[in-house]
Amino acid sequence: MIRLLWGVAVALLASVCHAQTPDDGTWTMAARNFEGHRFSGLDQVTPGNVAQLKVAFTFDTGVPKGQESITLVADNTMFIVGPFPNVLFALDLTKPGAPLKWKFDPKPDASSQGVACCDLVNRGAAYADGRVFFNTLDNQTLAVDAKTGAELWRAKLGDIKLGESMTMAPLVVKNKVLVGNSGGEFGVRGWLAALDAATGKVLWRAYSTGPDKDVLIGPNFKPYYASDRGADLGVKTWPPDAWKIGGGTVWGWLTYDPVLDLLYYGTANPGPWNPEQRPGDNKWTSGIFARKPDTGEAVWFYQFSPHDLHDYDGVNENVLVDTPIAGANRKVLLHPDRNGYMYVIDRATGQVLSANPFVHVTTSSGVDLSTGALRYNPQKDPRAGETVRSICPASPGAKDWQPSAWSPRTKLLYVPHQNLCQDTVTGTASYIAGTPYVGLEQKIYAGPGGHRGLFTAWDPVAGKKAWQVEEHFPVWSGALATAGDLVFYGTMDGWFKALDARSGKLLWRFKTDSGIIGQPMSYRGPDGRQYIAVMAGVGGWAGAVVSGSMDTRDATGASGFANAMRDLQAATKAGSKLYVFALPEGTR
């Protein structure tokens, strides 16, 4: 009997481990595992041989816009979803040069381009059980047969006429496809939805504003801090009816803890940006929800930036790590927020264990761990008709969408981000459905030191950086960590770099045809070799001056980013190319 029980226990443990750690050779979800680690267990490429990396093959998507997507690999096939019109490509990795296997054109509504906040980007797909799931800019989620490229189902989830769009990468949990909307700058109402992976039927939808029944807040909602407790705070912390156009979109990253059975994601900024039009904490925006994936019911919430003053979305990644904190093993999540603080949060309860600045911050003086409150600096509050200067971090935050990577070997979080400040002038925004609803103008510029980018290795136990690399432009790409003790990221002027994960020493770099804002990944090819892949194609909010051919003489262009990126047009050009690298055969 004991042997039988032990066998059952081993089987259960194997099942959990399988759910958390996919095969080293594959990459089936944007962050590779539910915990959001973006860590490859492959170790053929090392600090000793990385200098020998060469281009193995390339592929052009044909759409020279911002390439924020990540490639997926499963069943010896690579999957790529491009910017609008969101064509899905499948490449055959079993053949030399990885030729096109099939492509699927979802034919999204062209008018959706008019409500794209920050370029026509798409952040990737998800693979599960022989199906590829992805979103289109015009608010559709689709399932496609991975072998044939045949459409299995599509679900229309939002309305372009209201300013809604979809850019995020889905996550598949317990046979549910989890997706959210974009459009916080258009006065939309944010939500996260769970779709049946087999049929596309909406199983539940949780809004980020409004009454508790819409937010799926019930008797099991137990936020850690008193400021997040009370009935219908999604209505009461707003001016009357303002919650209906209050933002809180869900366009960032989702992670999942299968042991606690909790799903984690951040909510974006409240709308409009002008905070004087929406007095109150503006629940449940600029914060993080923990929910049960089966029902969507909220378990806890924490608000990083109550009554957000500076477009500090809370959508950045929540990386799940088990680590000793103050001498005790804790199940935590690591969250580098736009407001400039690296949060370490108990992911079972929502308690903030530490929140230390990882960039120059002037808008606040810290986080009160007893109340969870961000201590705003009133001197930097936007005020109508007045120019407020030296707001740091700027609206793109200390870190925007670009995802971090975690190495279980070095115990460091590798954070690609920016070093930006801004001057701000606010005015009254009028709501017209499907048009920008902002009420703020800004000029963004480099922070202290004059460099606009940083790549930081953060030690969450010590609560400080282990090492840091300065970059000329914002580091708008994602990061990749590998078991070879390397970290990879790209720069907006087109350099793809490999650093020693322990020291930050630059070991290799390659110049691509366009700036890199994509997400690097690694996989094992059918030939048993380790490959490293990344999309090149500058764009996104930071690179809109190139992908949108903008006139940078207007400093407020691209919501103020044009002022900070005047020199990018001379440093790179638009592109749409996948680069895949490998060591020469026989390299050791």
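Two strands count as paired if DSSP finds at least two bridges between them. Helices (H or I, at least four residues) and strands (E, at least two) are themselves DSSP runs, numbered from the N terminus. With these terms in hand, a first pair can be introduced: strand β9 (residues 140–145) and β10 run antiparallel and are joined by five bridges. Within this pair, Ala143 stands opposite Trp153 in β10.

The model is predicted, so its local features need pLDDT of at least 70 and side-chain atom pairs count only at pLDDT 80 or more, while totals for chains, interfaces and linings use all residues. Residues are numbered from 1 along each chain as its sequence is written, and side-chain values use heavy atoms, with hydrogens and water left out.

Seen as a whole, the protein has six helices and 38 strands. Its C-alpha trace spans about 70 × 65 × 50 Å along the principal axes. The radius of gyration, taken over C-alpha atoms, can be set against a globule rule of 2.2 Å times the number of residues to the power 0.38. For 588 residues a compact globule would have a value near 25 Å, and the 22 Å of the protein agrees with this. Of the 588 residues, 64% count as buried, where buried means under 20% relative accessible area, exposed means over 50%, and partly exposed lies in between (1.4 Å probe, protein chains only). Contact here means heavy atoms within 4.5 Å. Among contacts with a separation of 6 or more, 62% are made by residues 24 or more positions apart.

The sheets come next. Strands of a sheet pair through backbone hydrogen bonds, either parallel or antiparallel. The pair described at the start belongs to an open sheet of four strands in the order β7-β8-β9-β10, with antiparallel pairing. Its edge strands are β7 (126–128) and β10 (151–156), each of which pairs on one side only. From one strand to the next, the twist averages 20°; axes are lines fitted to C-alpha atoms, for helices over the stretch in contact, and angles run from 0 to 180 degrees between N-to-C directions.

Another open sheet of four strands has the order β19-β20-β21-β22, again with antiparallel pairing. Because β19 (319–325) and β22 (352–357) each have a single partner strand, one side of each is left without a neighbour in the sheet. The twist in this sheet averages 30° from one strand to the next. Five bridges link strand β21 (residues 341–346) with β22 in the antiparallel sense, and Tyr341 has Pro357 of β22 as its bridge partner.

Further along the chain, strands β34 (residues 495–500) and β35 (residues 506–511) run antiparallel and share five bridges. Ala498 is matched with Trp508 in β35. Five residues lie between the strands of this hairpin, where Gly504 takes a positive phi near 85°.

Attention now turns to the interior. In soluble globular proteins, nonpolar side chains tend to be buried together. A nonpolar core is a set of buried Ala, Val, Leu, Ile, Met, Phe, Trp, Tyr and Cys residues joined through side-chain atoms within 4.5 Å. The largest such core has 80 residues, and those with the most contacts inside it include Met78, Phe488 and Phe561. Strand β37 (residues 530–536) supplies the largest share of this core, six residues. Apart from it lies another core, of 38 residues, among them Phe34 and Tyr256.

Several loop residues also deserve a look. Asp261 sits in the loop between β15 (254–257) and β16 (262–266), and it has a positive phi of about 55° although it is not a glycine. With 16% relative accessibility, Asp261 counts as buried. Its side chain makes a polar contact with the side chain of Lys174 (3.3 Å). A polar contact is a pair of N or O atoms within 3.5 Å; within protein, one must be able to donate a hydrogen and the other to accept it, and residues adjacent in sequence count only if both atoms are side-chain atoms.

Gly190, in the loop between β12 (176–180) and β13 (191–196), is buried because its relative accessibility is 0%. Finally, two cis peptide bonds can be described. One runs from Gly271 to Pro272, with omega near -5°, and another joins Lys283 and Trp284, with omega about 0°. Pro272 lies in the loop between β16 and β17 (287–291), and Trp284 is also placed in the loop between β16 and β17.
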